[in-house]
Amino acid sequence: MDTIIADLRNKDGDYKKYIETASEILKNGGLVIFPTETVYGLGANALDSVPCGKVFDAKGRPHDNPLIVHIAFPDEYSKYAYKDDFGIYEKIAKRFMPGPITCILKKKDCISSEVTVGLDTVAIRCPSNPIAHDILASSGLPIAAPSANLSGKPSPTSFSHVYDDMFGRVDMIINGGECEVGLESTVIAIDNGGIRLLRPGYVTAEELSEICKVTIDDAVLNALSKDAKPASPGMKYRHYAPEMPVTMIFGEEEKVIAFFNEKIKQGCGILCFDEDIEKLFPSENVIAFGSKMNYLSQANKLFDSLRKFDKLKVPAVYARFTDRNELALAVSNRLLRACAFNIEEIK
Ligand code: TXA
Ligand code: MG
């Protein structure tokens, strides 16, 4: 398939023309990759089952994993989903939308069942990225968009990531530069007047608990048992996975550093904090993803680092154990999936 590439990193020149092209492609049943503030999305008209089916094929995505529906304005949700009994969506929308949060609501019939894989709920998200917003507003459509990676790869946070995975598989790719957050949106279900956090993200459990009671779903930090039915089907896949095994390492500081140095000698990859660099043997296989305390930097760099390890072809990767509060909960959740819950204590 021919793929149109459009560079919309600045708003001059052909910006408007390409937004219109993207919206025409979507209206005609095509697939467009566009940037959002979290990760790049692979978009299709959520009202039409044919292009939504093509999304699964382009990604190699299992057919039991539902898609998120993106809208231009928070109150458009009522065309596609029912209001929750406690008005929590509206409180969330007022405080966090447009922005990196997704709410699961009871679905209306117009949303293609291809999008929701037969569930009676739909995930609604109103992104803040201006390019995403302009495409949504210009097309006037709800757009189903999963992350624009091949299934199983880390989500794409830059144009080169989507180009590597998706060139030739979609009608158009828009280059909007680096994504601000770098991890996918916070996904919440509204449960009897409370919130259940299904996927942590930039909007944190701490912030959400200012609105109402928040429960963190077990699958956020724990591996699901083989036959468990997750609240969010995406939780059961080994997501975000580079090609080699990844292990999270914890233990006394000096012992962890000594272990990393041993692994560097063996040619393994190390995902560490900035503070570790001066204590580690110099090697191109060592990637620092920001300061121990700078969770946003870790979020920004995690997926790019995992993709770099793939390119370096290291036999295994050993990673720092991350915090679990605020945005670090999201970093931990993704890293745990990248390492298939493989954690080792160095004694
Ligand atoms: O930041 C994001 O959310 C990005 C950008 C492109 O918006 N999108 C994204 O989509 O991460 P995706 O498909 O990679 O992840 C969607 C997650 C999956 O874990 C899926 O199982 C869950 O949302 N999900 C979607 N609809 C659901 C529903 N009705 N009930 C429960 N979980 C749902
Ligand atoms: Mg994804």
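User: What makes the lining of the second largest pocket charged rather than nonpolar in this predicted model?

Analyst: The residues of that lining divide into 10 charged, 2 polar and no nonpolar. Asp, Glu, Lys and Arg are the residues that count as charged, and the lining includes K153, D164, D165, E243 and R307, so these five belong to that class. S160 and H161 also line the pocket, and because neither serine nor histidine is in the nonpolar or the charged list, both count as polar.

User: How do you know which helices contribute to the lining of the second largest pocket?

Analyst: Helix 6, residues 159-166, and helix 9, residues 295-312, each supply at least two residues of the lining. The largest share comes from helix 9, with 5 residues. The volume of this pocket is about 210 Å³.

User: What is notable about the phi angle of K313, and where does K313 lie?

Analyst: K313 is one of the lining residues of the second largest pocket, and its place is in the loop between helix 9 and strand 15, residues 317-320. Its phi is near 55°, which is a positive value in a residue other than glycine.

User: Why is the approach of N65 to ligand 1 called a polar contact?

Analyst: A polar side-chain atom of N65 lies 2.6 Å from an oxygen atom of ligand 1. The cut-off for a pair of N or O atoms is 3.5 Å, and the value for N65 is within it, so the pair counts as a polar contact. The side chain of R61 has an N or O atom 2.9 Å from an oxygen atom of the ligand, and for R125 the corresponding value is 2.8 Å, so these two pairs also meet the 3.5 Å limit.

User: How do you know how much of ligand 1 the protein buries?

Analyst: Taken alone, ligand 1 exposes 680 Å², and the protein buries 97% of that area. Strand 4, residues 68-70, and strand 6, residues 121-125, are the elements that give two or more residues to the shell around the ligand, and the largest share, 4 residues, comes from strand 6.

User: Which residues come nearest to ligand 1, and how is the shell divided by class?

Analyst: There are 26 residues around ligand 1, and T38, N65, H70, S185 and G234 come nearest. By class, the shell has 13 nonpolar, 9 polar and 4 charged residues.

User: What makes strand 1 and strand 11 the edge strands of the sheet?

Analyst: The open sheet is formed by 11 strands in the order 1-8-2-3-7-4-6-5-9-10-11, and its pairing is mixed. Strand 1, residues 4-7, and strand 11, residues 214-216, each pair on one side only, and these are the edge strands.

User: How do you know that strand 1 pairs with strand 8?

Analyst: Two strands pair if there are at least two bridges between them, and 4 bridges join strand 1 to strand 8, so the condition is met. The two strands run parallel, and I5 stands opposite I173 in strand 8.

User: Why is the pairing of the sheet called mixed?

Analyst: Strand 5 is joined to strand 9 by 4 bridges, and these two run parallel, with T102 opposite V187 in strand 9. Strand 5 and strand 6, however, pair in the antiparallel sense over 5 bridges, and the bridge partner of I104 in strand 6 is A123. The sheet holds both senses of pairing, and it is described as mixed.

User: What makes the peptide bond from M97 to P98 cis, and where is P98 placed?

Analyst: The omega of this bond is near -5°, and the bond is cis. P98 has its place in the loop between helix 3, residues 88-96, and strand 5.

Terms used:
Residues numbered from 1 in each chain as written. Chains lettered and ligands numbered in written order. Predicted model: local features only at pLDDT ≥ 70, side-chain atom pairs only at ≥ 80, totals over all residues. Heavy atoms only, no water. Near = heavy atom within 4 Å. Polar contact = N/O pair within 3.5 Å; in protein donor to acceptor, adjacent residues only side chain to side chain. Areas by Shrake-Rupley, 256 points an atom, 1.4 Å probe, with all protein chains shown as cover. 1 Å grid on protein atoms, 1.4 Å probe; cavity = no way out; pocket = protein on both sides within 12 Å on 5 of 7 lines; lining within 4 Å. Points joined across faces, edges and corners; volume = space filled by probe spheres on them.
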